[in-house]
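Work through the exercises below with the model open. Each task is followed by a stepwise solution.

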Amino acid sequence: MKPDLFQAPDYYGVDDLLSEEHKLVRDTTREWVKKNLSPIIEDYAQRSKFPEVLVGGLAEVGAFGPYIPEEYGGAGLDQISYGLIMQELERGDSGIRSTASVQSSLVMWPIFNYGNEAQKKKYLPKLASGEWIGCFGLTEPNHGSNPGGMETKYKDMGDHYLLNGAKMWISNSPIANIAVVWAKNEEGRIHGLIVERGMEGFSTPETHNKWSLRASITGELIFDNVKVPKENLLEGKSGLGAPLKCLDSARYGISWGALGAAMDCYDTALRYAKERTQFGKPIAQFQLQQKKLAEMITEITKAQLLTWRLGVLKNEGRASSAQISMAKRNNVEMALKIAREARQILGGMGITGDYSIMRHSMNLESVVTYEGTHDIHLLITGLDITGLNAFK
Ligand code: TGC
Ligand code: FAD
């Protein structure tokens with residue numbers, strides 16, 4: 001892969017809206033990505049391997065639980081800092097951002113918000129330091145967009161719970177030390193349980209043959225009469241709203257992350273267009289290429305403002321789930337379109353691993369589907385503005 005020469009686009013001076021702490025967090029992550037992630041990521045993606053070697057560094061830049069208080073090992077940062085970390089990581093690769101999203105928003109977030117003091121003390125510091133990796137099991141073979149129909153269930157056996165069922169498409173499951181698993185009790189109420197690797201009857205087979213998110217490891221979670229200790233139940237919240245609230249946090253981070261991928265594609269295409277000569281001129285001088293680049297920077301700028309404003313609302317505790325859905329949907333679609341256009345600007349070179357664009361493009365095909373598909377987020381907006389439910 002070519003050297004990482006990334007220069008962040010900021011057409012409207014959105015930097016002026018950031019505090020010194022935000023800029024420091026962002027620049028630290030940016031430098032870490034340039035130095036540690038960019039030089040190796042293409043090779044790992046081509047080989048379809050997760051670069052475990054990056055886990056320690058991710059912890060050091062605060063990517064695991066950025067907003068979790070320092071007393072539990074987190075970085076104690078605000079929501080805009082969290083977003084900027086996700087932006088910079090996904091600028092490098094969506095799969096690496098995925099690892100940080102899952103660890104922070106889907107594992108640490110529910111333990112912090114729904115767990116008791118003993119659970120927080122036991123799990124959060126190890127997750128923040130990267131000593132332990134976590135995963136989040138909501139999706140099942142027969143229930144993706146409709147998690148409320150889940151079949152995974154547990155029974156109260158007096159001194160423990162007995163868990164049975166299966167989850168699929170679970171990021172990090174084959175390497176995870178713990179899984180936050182959503183399952184129904186005998187009354188059909190959804191609860192979260194912490195399942196630890198090594199519990200008898202618990203296995204995590206890897207999912208192969210992915211053309212997308214190749215540097216992220218994905219697998220299943222199989223529960224065959226797993227005895228889960230009672231102290232592993234997350235008692236703070238139950239019902240479908242409990243996992244969906246975790247998704248709010250992850251979807252928020254993804255809206256920033258997708259922006260990072262779009263910025264990288266735009267920056268790469270702009271540089272290439274100025275350097276590549278055809279018909280005696282740099283291709284950047286042709287109107288058709290300028291149209292592509294001008295539209296890209298317009299969409300990136302709109303997304304930067306949308307995302308920053310969402311961050312302010314999130315910091316104030318005022319960001320609604322529907323507002324988060326709008327940003328996730330808009331920014332991922334925007335990034336996908338930019339990746340496709342940017343790839344064309346690079347001509348044949350665009351399909352190679354010498355540049356990051358094709359990898360971003362393939363990665364974003366997962367990002368547009370996970371954490372709620374493009375369609376589902378549109379229906380969430382539809383429901384919010386009309387009051388009418390078009391899901392069922
Ligand atoms: P519905 O009846 O609408 O809602 C059930 C209860 O949940 C509440 N609720 C929410 N609460 C918090 N945050 C949200 N975003 C919420 N959305 C709904 C709702 O108020 C209700 O509460 P209550 O107290 O009245 O019971 O549920 P529904 O069955 O009609 O489904 C609604 C729908 C389709 C929007 C929802 O199920 C959905 O979002 N589906 C998409 C599923 C999804 O996003 N799965 C993601 C799996 S995790 C993942 O993909 C990780 S990838 C990670 C990576 O690698 O980065
Ligand atoms: P389906 O729900 O079967 O949807 C198929 C199509 O039907 C989609 O286009 C959808 O938009 C459409 N559709 C569905 N319902 C409606 C409707 N009511 N109206 C209109 N259209 C509809 N899950 C986890 O729990 N944890 C993870 O860590 C995780 N990581 C993932 C990593 C990867 C790489 C991928 C690809 C997925 C991951 N997922 C994870 C699962 C992801 O959240 C689901 O794939 C997603 O929610 C969609 O579910 P599905 O694939 O079953 O598609």
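Angles between axes under 35 degrees count as roughly parallel, and those over 145 as roughly antiparallel. The model is predicted.

**Exercise 1. Helix packing**

Task: Determine how the axes of α3 and α4 are oriented to each other, and list the residues that make the contact.

Solution:
- Step 1. Locate the helices: α3 covers residues 79–92, and α4 covers residues 94–114.
- Step 2. Take the geometry. The two axes come within 7 Å and cross at roughly 150 degrees.
- Step 3. Apply the cut-off. An angle over 145 degrees counts as roughly antiparallel. α3 and α4 are therefore roughly antiparallel to each other.
- Step 4. List the contact. α3 brings Tyr82, Met86, Leu89 and Glu90. From α4 come Ser94, Arg97, Ala100, Ser101, Ser104 and Ser105.
- Step 5. Sort by class. Four residues of this contact are nonpolar, four are polar and two are charged.

**Exercise 2. A residue of α4**

Task: Is Gln103 buried or exposed? Which residues outside its sequence neighbourhood does Gln103 contact?

Solution:
- Step 1. Place the residue: Gln103 is part of helix α4.
- Step 2. Read the accessibility. Gln103 has a relative accessible area of 0%, so the residue is buried.
- Step 3. Set aside neighbours within four places in sequence. Gln103 then contacts Phe64, Met108, Leu127, Trp132, Ile133 and Gly134.

**Exercise 3. Two pockets**

Task: Describe the largest pocket and the second largest pocket by volume, lining and residue class.

Solution:
- Step 1. Start with the largest pocket. Its space is about 1,300 Å³.
- Step 2. Examine its lining. There are 44 lining residues, and Gly144, Leu247, Arg251, Glu371 and Gly372 lie nearest the centre.
- Step 3. Assign elements. At least two lining residues each come from α4, β3 (160–171), α6 (241–275), α8 (321–345), α9 (357–367) and α10 (374–386). α6 gives the most, with six residues.
- Step 4. Count classes for the largest pocket: 18 nonpolar, 18 polar and eight charged.
- Step 5. Turn to the second largest pocket. Its volume is about 280 Å³. It is lined by 21 residues, and Lys2, Pro3, Thr268, Arg271 and Tyr355 are closest to its centre.
- Step 6. Assign elements again. α1 (20–47), α3, α6 and α9 give two or more residues each. Here too α6 gives the most, with six residues.
- Step 7. Count classes for the second largest pocket: seven nonpolar, five polar and nine charged.

**Exercise 4. Asparagines with positive phi**

Task: Which loops hold Asn172 and Asn209, and is each residue buried or exposed?

Solution:
- Step 1. Recall the background. Most residues other than glycine have a negative phi.
- Step 2. Check Asn172. Its phi is positive, about 75 degrees. Asn172 sits in the loop between β3 and β4 (178–184). Its relative accessible area is 0%, so Asn172 is buried.
- Step 3. Check Asn209. Its phi is also positive, near 70 degrees. Asn209 belongs to the loop between β6 (202–203) and β7 (218–229). At 78% relative accessibility, Asn209 counts as exposed.

**Exercise 5. A loop glycine**

Task: Where is Gly239, and which residues does Gly239 contact beyond its sequence neighbours?

Solution:
- Step 1. Find the loop: Gly239 lies between β8 (233–234) and α6.
- Step 2. Apply the cut-off. Buried means under 20% relative accessible area. Gly239 has 8% relative accessibility and therefore counts as buried.
- Step 3. Name the contacts. Leaving aside neighbours within four places in sequence, Gly239 touches Arg189 and Ile190.
- Step 4. Add a distance. The C-alpha atoms of Gly239 and Lys184 are separated by 8.9 Å, with their positions 55 residues apart along the chain.

Key
Residues are numbered from 1 along each chain as its sequence is written. Chains are lettered from A and ligands numbered from 1 in the order in which they are written. This is a predicted model: local features need pLDDT of at least 70, side-chain atom pairs count only at pLDDT 80 or more; totals for chains, interfaces and linings use all residues. Side-chain values use heavy atoms; hydrogens and water are left out. Axes are lines fitted to C-alpha atoms, for helices over the stretch in contact, and angles run from 0 to 180 degrees between N-to-C directions. Helices (H or I, at least four residues) and strands (E, at least two) are DSSP runs, numbered from the N terminus. Angles under 35 degrees count as roughly parallel, over 145 as roughly antiparallel, 65 to 115 as roughly perpendicular and the rest as oblique. Contact means heavy atoms within 4.5 Å. Ala, Val, Leu, Ile, Met, Phe, Trp, Tyr, Cys and Pro count as nonpolar, Asp, Glu, Lys and Arg as charged, and the others, Gly among them, as polar. On a 1 Å grid over the protein atoms alone, a cavity is a set of points where a 1.4 Å probe fits but cannot get out, and a pocket is an open set with protein on both sides within 12 Å along at least five of seven lines; lining residues have an atom within 4 Å of a point. Grid points are joined across faces, edges and corners, and a volume is the space filled by probe spheres set on the points. Buried means under 20% relative accessible area, exposed over 50%, partly exposed in between (1.4 Å probe, protein chains only).
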